[in-house]
Each structure stands twice: as C-alpha cells, then as structure tokens.
Amino acid sequence: QVHLVESGGGSVQAGGSLRLSCVADEYIYSTNCMAWFRQAPGKEREGVATVNSIDGSTYYADSVKGRFTISQDHAKNTVYLQMNSLKPEDTAMYYCAAVNGYCLPGGQNLSPEYFGYWGQGTQVTVSS
C-alpha cells in the first residue's frame with residue numbers, strides 16, 4: 001500500500017528551479033513530522049528539510065538553506081519542496097518521508113532510521 005507519492009522531479013540547468021510535491025494519505029499526513037531526503041548514486045541518504053504539521057516549524061540542512069523551502073497544504077495533504085538556484089550537486093533521487101513524531105529542532109532526528117513511511121522517490125537532475 002502506497003502512503004506517500006512524490007512528483008515534480010525533472011532535469012534543469014544550474015540556477016533553475018523545481019517544485020516537488022508529496023501527497024500523503026490523510027493518516028500519514030497527520031502524523032506530524034514530514035521530511036524530504038535525497039540520495040545521490042554511491043552516497044548515503046541525506047536529510048534535506050523537515051516540517052512539523054502541528055506547528056509549521058521547519059529545518060533545513062546547511063547545503064540547501066536559503067535555496068529550498070518546505071511547505072504544506074493541509075487541504076490537499078501535500079508537502080512541497082520548492083528548490084531554487086539549483087546546483088549540479090543537488091542531483092539526486094528525492095524522497096518524501098513521514099513519521100508519527102515530532103521533528104526536533106536543529107535536525108536532531110533527521111536520519112532515515114527515524115522515519116517509518118517513505119515514497120518511491122522522484123529524480124532531480126541538474127546540469128552545469
């Protein structure tokens with residue numbers, strides 16, 4: 001059973017923008033902590049951003065701070081990741097994740113092991 005469905009990936013040139021979407025089952029969306037991760041070939045899965053549904057608090061990894069924005073549309077059970085000023089090093093498979101818990105400040109629990117629900121991923125490719 002699929003709980004999270006991502007879309008919006010694609011190929012862009014450096015400096016371009018993409019917006020990823022993650023539609024969640026209502027039960028999953030209400031679990032509170034939702035996040036975006038990414039994984040490049042040969043690298044570990046990396047946490048990118050989190051948002052707490054209960055209070056809207058967010059966290060960004062240093063590598064994307066100031067360029068990416070995570071947001072939610074409660075009416076659509078959807079989490080977005082707006083990605084601006086994209087760089088070739090942003091190239092990766094991007095995954096939406098959720099957990100029945102709270103995203104701690106400072107990304108303290110932004111690790112794959114903490115999250116129990118995952119989407120299938122959407123590919124982002126940035127060319128120089």
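The paragraphs below go through a sheet, the nonpolar cores, the disulfides and two loop residues of this structure, which is a predicted model.

A good place to begin is the open sheet, in which four strands follow one another in the order S1-S3-S8-S7 with antiparallel pairing. Its edges are formed by strand S1, residues 4-7, and strand S7, residues 68-73, each of which pairs on one side only. On average, and with direction ignored, neighbouring strands of this sheet are turned by 15° against each other. Between S1 and strand S3, which covers residues 18-24, the antiparallel pairing is made by four bridges, and here Val 5 stands opposite Val 23 in S3.

From the sheet one can turn to the interior. The largest nonpolar core has 29 residues, and those with the most contacts inside it are Met 34, Trp 36, Leu 81, Met 83 and Tyr 94. Several elements supply at least two residues each to this core, including S3, S7 and S8, helix H1 (26-29) and strand S11 (122-127). A second core, separate from the largest one, consists of eight residues, among them Cys 33, Phe 37, Cys 103 and Leu 110. Tyr 94 has contacts with residues from many parts of the sequence, including Glu 6, Leu 20, Trp 36, Val 48, Phe 68, Leu 81 and Val 124. In soluble globular proteins, nonpolar side chains tend to be buried together.

The chain is also held by covalent links, for a search of the whole structure finds two disulfides. One of them joins Cys 22 to Cys 96, with an S to S distance of 2.1 Å, and this link is left-handed, with -80° about the S-S bond. Cys 22 lies in strand S3 and Cys 96 in strand S9, 74 residues apart; Cys 22 is buried at 0% relative accessibility, and Cys 96 is likewise buried at 0%. The other disulfide joins Cys 33 to Cys 103 at 1.8 Å, and with 100° about the S-S bond it is right-handed. Here Cys 33 belongs to strand S4, whereas Cys 103 sits in the loop between S9 and strand S10, 70 residues apart, and both are buried. With the bonded cysteines numbered in sequence order, the pairing reads 1-3, 2-4.

Finally, two loop residues deserve a look for their backbone angles. Most residues other than glycine have a negative phi. Asn 77, however, has a positive phi near 50°; this residue lies in the loop between S7 and strand S8 and is buried, with a relative accessible area of 17%. Ser 85 also has a positive phi, of about 50°, and is found in the loop between S8 and strand S9, where it counts as partly exposed at 42% relative accessibility.

Terms used. Residues numbered from 1 in each chain as written. Predicted model: local features only at pLDDT ≥ 70, side-chain atom pairs only at ≥ 80, totals over all residues. Heavy atoms only, no water. Pairing = 2+ DSSP bridges. Axes fitted to C-alpha atoms, helices over the stretch in contact; angles between N-to-C directions. Buried < 20%, exposed > 50% of the residue type's maximum accessible area, 1.4 Å probe, protein only. Core = buried A, V, L, I, M, F, W, Y, C linked by side-chain atoms within 4.5 Å. Contact = heavy atoms within 4.5 Å. Disulfide = S-S within 2.5 Å. Lists of a residue's contacts leave out its neighbours within four places in sequence.
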